[in-house]
Amino acid sequence: MREELLNRFLMILIRNNIKIDNIKEEAYIILDDYEIQKRTTELITTDENRNEELIKTFLIAKHVKGCTATTIEYYKLELKKIILELGKTVDSITTQDIRYYLAKRQVQDKVTKTTIDNELRVLRSFFKFLTTEEIILKDPTAKIDRIKIDKKKKKAFTDLEIERMRSYLKDDLRIKAMLELLLSTGCRISEANKIKIDDIQENKVNVLGKGNKERTVYLNAKAQLAILEYLEQRTDSNPYLFAKSNKKCKGKLKKNWWQDKEMVDEMEHVDNSAIESNFRQMAKKLGLESANPHRFRRTCATFALRRGMPIEQVSKMLGHESLETTQIYLDLTQEELENMHKKYVI
């Protein structure tokens, strides 16, 4: 067993181009002090009903706290996936089990550190709730550090990129309206999708953000015009600004399908993924690095600050609870920060 374990570790070192001269001999000396036995899982049993019960209790608490249906569904899907992979009843899950799961996700599944950190965040919330409620005695995530993620400065669109997108979308009034809405308001895609036509009052729009918090955002002239031109071509009775296609037409959508009321769902709004797909296709055609909806939100915040809007107001426009969160969205050079400091700081 020592030989097998040692050889597996040596193979990892070799794959990572690490010299192993003399390591094997020294490792033998160290391992001689330990009894090594392969873990057996044959006697492990999982009480699926118990796991379902604890997850359900946790989700009810999240609902009472005021979490949105989308957030609750996210917790539900992630917890079921992770606990199924762990293969144990929640009460018996250990710190080592979770560390092994996270390592496996990184090494074997090759998921990003961001994904791993998100999964750990879900587990932390779940087990903290269970220990606080004294359902279990110890939190197995308490000794696990947060995953360190390399922070990369995310860029806003340039003026030229925005004009190229506007030119590209001149014949696609629906996506152009979405683009101008996002650039003008800084809305999240999930907020923009739920806007109803009646929510728009001239240049004002009421949106429902995270935690079911309502706020008012504003449309500039370009956004107002783009939305007006788009709505003039709509013939359906769907109440949402961006309607979903009819399920019966799946796989048969043509360009500007939304102009045909037979192809528009009567009540549902468009999914996030559908808009994201449209933006990805546009980015690919134009040779842009990316055009995900969040980048429009970042662009709105960056341009507003560059043109003199105080960061507190930018934060309020985006629906953030803290300025630190807002700062993540900004794409400012050191020169711009220096100039703003000279202008605003005594």
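**Entry 1. The D117 pair**

I looked up D117 in this predicted model and found a salt bridge to R146, with the closest N and O atoms 2.7 Å apart. D117 lies in helix α6 (residues 113-132), whereas R146 is in the loop between α6 and α7 (159-168), so the pair ties together parts that are 29 residues apart in sequence. I then checked how each partner is covered. D117 counts as buried because its relative accessibility is 4%, under the 20% cut-off. R146, at 53% relative accessibility, counts as exposed because the limit for that class is over 50%. I note the general background that side chains of opposite charge can pair when their charged atoms come close.

**Entry 2. Helix α6**

I followed D117 into its helix. I find that α6 has 20 residues and reaches 28 Å from its first C-alpha to its last, close to the 28 Å expected at 1.5 Å a residue. I listed the buried residues of α6: I116, D117, E119, L120, V122, L123, S125, F126, F127, F129 and L130. For reading such a list, I recall that an α-helix has 3.6 residues a turn, so residues three or four places apart point the same way. What covers these buried residues? I find that the cover includes α3 (48-65), α4 (69-86) and α5 (95-107). Just after α6, I noted that E134 takes a positive phi of about 60°.

**Entry 3. Other salt bridges**

I recorded 17 salt bridges in the structure. In one of them, the side chains of R188 and E191 meet at 2.4 Å, N to O. I checked the cover of this pair, and both R188 and E191 are buried.

I next looked up K244, which forms a salt bridge with D271, the closest N and O atoms being 3.5 Å apart. K244 lies in strand β4 and D271 in the loop between β5 and α11 (272-286), so I read the pair as tying together parts that are 27 residues apart in sequence. K244 counts as partly exposed at 23% relative accessibility, and D271 counts as partly exposed at 35%. I also traced one network, in which salt bridges that share partners join E78, K81, R105, D109 and E119. E119 appears as well among the buried residues of α6.

**Entry 4. N246**

I looked up N246, which is found in the loop between β4 (243-245) and β5 (264-269). Is N246 buried or exposed? I find N246 buried, because its relative accessible area is 16% and the cut-off is under 20%. Leaving aside residues up to four places away in sequence, I noted that N246 touches E262, M263, V264 and D265.

**Entry 5. The three-stranded sheet**

I traced an open sheet of three strands in the order β1-β2-β3, with antiparallel pairing. β1 (200-201) and β3 (214-218) stand at the edges, each with a single partner strand, so one side of each is left without a neighbour in the sheet. I examined the pairing of β1 with β2 (residues 204-208): two bridges join these antiparallel strands. One residue I checked was Q201, whose bridge partner in β2 is K204.

**Entry 6. A221**

I looked up A221, which is found in helix α10 (residues 221-231). With a relative accessible area of 58%, A221 is exposed, because that value is over 50%. I also computed its separation from E180: the two residues are 41 apart in sequence and 9.5 Å apart in space, C-alpha to C-alpha.

**Entry 7. A nonpolar patch**

I found a nonpolar surface patch of about 250 Å², made by L5, F9 and I12. I12 lies in helix α1 (residues 2-15). I noted I12 as partly exposed, with a relative accessible area of 38%.

**Entry 8. The chain as a whole**

I closed with totals. The chain holds 15 helices and five strands. Of its 346 residues, 38% count as buried. The exposed area of the chain is about 22,800 Å², of which carbon and sulfur atoms supply 51%. I also looked up the reach of its contacts: among those between residues at least 6 apart in sequence, 63% join residues at least 24 apart.

Methods:
Residues are numbered from 1 along each chain as its sequence is written. This is a predicted model: local features need pLDDT of at least 70, side-chain atom pairs count only at pLDDT 80 or more; totals for chains, interfaces and linings use all residues. Side-chain values use heavy atoms; hydrogens and water are left out. Helices (H or I, at least four residues) and strands (E, at least two) are DSSP runs, numbered from the N terminus. Buried means under 20% relative accessible area, exposed over 50%, partly exposed in between (1.4 Å probe, protein chains only). Contact means heavy atoms within 4.5 Å. A salt bridge is a side-chain nitrogen of Lys or Arg within 4 Å of a carboxyl oxygen of Asp or Glu. Accessible areas come from the Shrake-Rupley method with a 1.4 Å probe; for residues, only the protein chains shown count as cover. Two strands pair if DSSP finds at least two bridges between them. The expected span of a helix is 1.5 Å times one less than its number of residues. Patches are made of residues with over 30% relative accessible area and no salt bridge: like charges are joined within 9 Å, nonpolar side chains (Val, Leu, Ile, Met, Phe, Trp, Tyr) within 5 Å.
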